[in-house]
Amino acid sequence: MCVYEPFTLEELNKALTRLSSKKSSGVDLLSGYFIKSVSHTMKPLFLLLFNKIMKTGDYPKTWKVAKITPVHKKGSVEVISNYRPVSNLNTLAKLFELCVLGRLEQMNMDDLMRSFQHGFRRGHGTDTAMSTLVSKITGELGSKKKVLCYSADLTAAFDLLQKEVLADIMIRKGVKPGLVKLVFNYLSDRQWFVQIGKHRSCVRQIGLGCVQGSILGPFLFNVYTSELERIVTPWHVVSYADDAYVTIVNEDLHALTIDFETTMSKHCEWLKGIGMVCNQQKTKW
């Protein structure tokens, strides 16, 4: 049994406020609009269910199935690559994830994901990432320093997350064991199928990765990659999701080149250690 503080009505109300009101649904056929419309009478049952899950640490199997719907992007409708796969999860599961996310957000964010990450964080975005990076580079150039910046692009990053590695990172960062067990269970034995109209494919297993279309997935990815700043120390790093920009500074060009080669080597070795792959074709400096 995992002893953990029960969710409160206040926490549930905050999660309901953050839940999307869209009418799309997963396997349960319950939309966010419907969940919100019945919440005034169903809140006690929601809390009972959610706290039961927290107490046992066992994530419901029926919540682990994703319905994949192909959405046409452009070009010929006969070409598979012209479609974008949209993952639809059970809406009640998303409400539960919002409650869990609220708990995680109560922790020290610098301990969990570090301030260099600008993706999937409140008050941050591509604009804050870009302004931070530009400010760093222009400031160093203004001091007559030589500056080299490289951008590391990852291949299928979210799909390669390993739950065992994530659990170890969360434990080292002080996340309570009960919540670590729940997250591990949440990422285990995931399944998916494709649905087009009334036609469904067979159900397949997902062995690795964050949960596409989920609430917790982006947050967990940020935690997973939170140690990058330590790896590239003493150099400055800015990240947006799976894109990282490392700025290296030196007064001597030769020393700068050596620092770059050493840092990039450590960066790639660290990525390899957590199961990530650096896309060398898209990595620039």
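Trainee: How many of the residues count as buried in this chain?
Mentor: Of the 285 residues in the protein chain, 45% count as buried. Keep in mind that this is a predicted model.

Trainee: OK, and how much area does the chain expose?
Mentor: About 15400 Å², with carbon and sulfur atoms supplying 57% of that.

Trainee: What about secondary structure, how many helices and strands?
Mentor: The protein chain has 10 helices and 8 strands. Its C-alpha trace spans about 65 × 50 × 30 Å along the principal axes.

Trainee: What share of the contacts comes from residues 24 or more positions apart?
Mentor: Such pairs make up 70% of the contacts in the chain, counting those with a separation of 6 or more.

Trainee: Switching to cysteines: how many disulfides turn up?
Mentor: Searching the whole structure gives 0 disulfides. Take Cys 149, which is in no disulfide: the nearest cysteine sulfur belongs to Cys 278 and is 13 Å away. A disulfide needs the two sulfurs within 2.5 Å, so that pair doesn't qualify.

Trainee: Is Cys 149 buried or exposed?
Mentor: In between. Cys 149 is partly exposed, because its relative accessible area is 22% and buried means under 20%.

Trainee: And Cys 99, buried or exposed?
Mentor: Cys 99 is buried, since its relative accessible area is 2%.

Trainee: Last one, charges. How many positive and negative side chains are there?
Mentor: There are 37 positive and 26 negative side chains in the protein chain.

Trainee: How far apart are the centres of the two sets?
Mentor: The two centres lie 8 Å apart.

How values were computed: Residues are numbered from 1 along each chain as its sequence is written. This is a predicted model: local features need pLDDT of at least 70, side-chain atom pairs count only at pLDDT 80 or more; totals for chains, interfaces and linings use all residues. Side-chain values use heavy atoms; hydrogens and water are left out. Buried means under 20% relative accessible area, exposed over 50%, partly exposed in between (1.4 Å probe, protein chains only). Helices (H or I, at least four residues) and strands (E, at least two) are DSSP runs, numbered from the N terminus. Contact means heavy atoms within 4.5 Å. Accessible areas come from the Shrake-Rupley method with a 1.4 Å probe; for residues, only the protein chains shown count as cover. Lys and Arg count as positive and Asp and Glu as negative; His and the chain ends are not counted. The place of a charge is taken as NZ of Lys, CZ of Arg, CG of Asp or CD of Glu.
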